[in-house]
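Biologist: Got a minute to go over this model with me? I'd like to start with the ligand.

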Amino acid sequence: MKTLKPRTLELPTDRLVRHKLLIDGKWMPAQSGRKFKTLNPATEEMICEVAEAGEADIHAAASAARKAFETGPWPKMKARDRFKILKKISELILHNKERLATLETFDSGKPIESSRHIDIPAAAEAFEYYAGWIDKLSGETLPVDPAYFSYTLREPLGVIAAITPWNFPLLIAAQKIAPALAAGNTVILKPAEQTPLTALCLGQIAMDAGLPEGVLNIVPGFGPVAGAMLVRHPEVDGITFTGEYLTGQEIMKNAAPGLKRLHFELGGKSANIIFEDADLDQAADFACDGIFFNQGEVCCAGSRLFVDQKIKKTFSKLLLEKSKNWQPGDPMSTKTEMGAVVSREQLDKILRYIKLGEKEGAQLILDGRKQSKSKGYFVGPTIFESVSNTMKLAQEEIFGPVLSQISFADFDQVLQQANQTIYGLSAALFTRDIEKAHRAARLLKSGTVWINCYGTFHHGVPFGGYKMSGYGREGGLHTFDFYTQMKSVWLHLNS
Ligand code: ADP
């Protein structure tokens with residue numbers, strides 16, 4: 001066991017870094033006075049304490065969001081003016097990129113280079129991208145009986161609760177807040193309790209950009225308390241949630257009495273299929289990226305790797321070679337590709353699954369437990385071979401850098417097995433045969449299919465799940481199916 005000395009805490013100390021609740025445009029402590037600690041997973045040290053929202057705070061946030069929606073300037077604002085504020089938020093995120101990246105890495109354990117070049121710029125892009133939709137969300141005129149004039153209006157849904165996870169804290173918050181605001185809604189964000197810090201900065205940024213008070217409220221707190229209260233609150237019209245499907249089920253139950261509109265992006269156990277005619281070197285690079293990027297804490301991680309049995313040996317060798325680039329290390333070092341996992345709980349879960357895989361009879365060819373450190377939540381790339389698709393190892397979401405390699409004999413068999421999962425978020429395949437690629441893309445029951453690549457994203461491309469991976473899509477025009485209402489208007493023409 002090596003001792004790692006992650007760099008000492010150098011938190012930015014300016015006004016951007018906030019620890020309180022943002023309600024109705026003001027930073028305030030929790031009414032109960034309660035706070036909770038947020039830790040640096042690489043050192044297990046406390047970063048700071050953050051106000052913990054309870055019932056009274058959720059009520060205050062919901063009332064503020066309702067007031068801002070019903071009587072505030074935001075939903076009625078000229079498209080151009082709303083555009084300018086969202087664009088300004090994007091610019092301020094980029095202007096503060098370095099401090100946001102540092103905070104994200106301290107709070108989540110992810111490598112600083114990922115925070116700098118992926119999370120923070122992509123969060124800024126979300127505001128820029130959705131700002132572009134503001135003056136394009138139009139209705140239609142409809143060809144009805146000539147005695148009538150009929151048209152549709154796209155209206156904002158109302159008060160949106162956004163409940164976000166800890167794996168891409170600022171980015172996922174931005175992916176929800178930006179379209180919600182673009183459509184004229186007001187928002188209450190409950191960030192994950194493990195990683196509340198960049199969301200709080202975003203609150204300050206939004207106010208600095210001129211977002212009217214009450215339009216964005218931020219209430220860090222615990223899921224079963226603050227999250228559940230938010231879901232049940234009568235002033236909340238819609239809930240957009242990214243997280244585990246079990247939490248999704250709980251949210252659905254709590255939202256049922258109010259028949260609230262839901263958008264869910266849940267877990268995955270994505271199949272990555274390597275056919276024998278693929279560019280194997282490229283496929284192995286993407287296979288590693290697909291499962292080891294962000295410590296495997298990715299809902300669309302390529303955790304089930306199906307490899308044609310004819311190339312099994314060659315491909316394992318390639319994987320082992322390329323896995324060496326993914327050794328866990330100090331998240332603040334620019335050389336680190338794999339950081340710490342987010343919490344002790346998450347680390348224990350990953351370790352439990354590695355043990356379970358051994359018990360189920362899979363063959364461990366790379367054991368990430370050897371990469372653990374005496375301090376911090378570290379586990380290295382882990383690869384199992386001879387996995388059967390029915391093992392729990394291959395069926396349950398681990399959310400860590402654990403790859404299950406399953407070999408297959410032919411196209412039909414692999415397509416059938418790839419679809420044998422409760423999930424359907426994403427899938428990938430590698431082949432040089434264009435016809436086979438598109439045939440497989442049609443047959444795979446998942447919201448995204450990558451061909452000869454893995455994990456590519458764009459705010460304009462819909463992302464979301466089939467089956468237990470959720471419903472609704474984030475990305476492009478389809479995002480607004482959730483964030484807007486459609487109203488039909490009829491006018492009688494007298495002559
Ligand atoms: P994980 O278990 O990996 O933390 P979750 O799905 O539980 O993933 O968490 C994602 C988000 O959902 C977090 O913000 C968390 O606080 C929130 N959450 C957890 N339980 C509930 C709940 N019962 N109602 C609403 N939100 C919840």
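**Around the ligand**

Modeller: Sure. A backbone N or O atom of Thr164 lies 2.8 Å from an oxygen atom of the ligand, where a polar contact is a pair of N or O atoms within 3.5 Å. This is a predicted model, where local features need pLDDT of at least 70, side-chain atom pairs count only at pLDDT 80 or more, and totals for chains, interfaces and linings use all residues. Residues are numbered from 1 along each chain as its sequence is written, and side-chain values use heavy atoms, with hydrogens and water left out.

Biologist: OK, and how far is the side chain of Lys190 from a ligand oxygen atom?

Modeller: An N or O atom in the Lys190 side chain is 2.9 Å from a ligand oxygen. For Gly223, a polar backbone atom is 3.2 Å from an oxygen of the ligand.

Biologist: How many residues surround it?

Modeller: There are 19 around the ligand, counting a residue if one of its heavy atoms lies within 4 Å. Among the closest are Glu193 and Glu244.

Biologist: Which helix gives the largest share of that shell?

Modeller: Helix 7, with 4 residues. Helix 7 spans 223-232, and strand 10 (238-242) and helix 8 (245-255) also supply at least two each. Helices (H or I, at least four residues) and strands (E, at least two) are DSSP runs, numbered from the N terminus.

Biologist: New topic: how many aromatic pairs are there?

Modeller: The structure holds 19, with ring centres of Phe, Tyr or Trp (its six-membered ring) within 6.5 Å. Phe286 and Phe430 are 5.9 Å apart at their ring centres, with planes at 35°, so that pair is tilted; planes under 30 degrees apart count as stacked, over 60 as edge-to-face and the rest as tilted.

Methods:
Polar contact = N/O pair within 3.5 Å; in protein donor to acceptor, adjacent residues only side chain to side chain.
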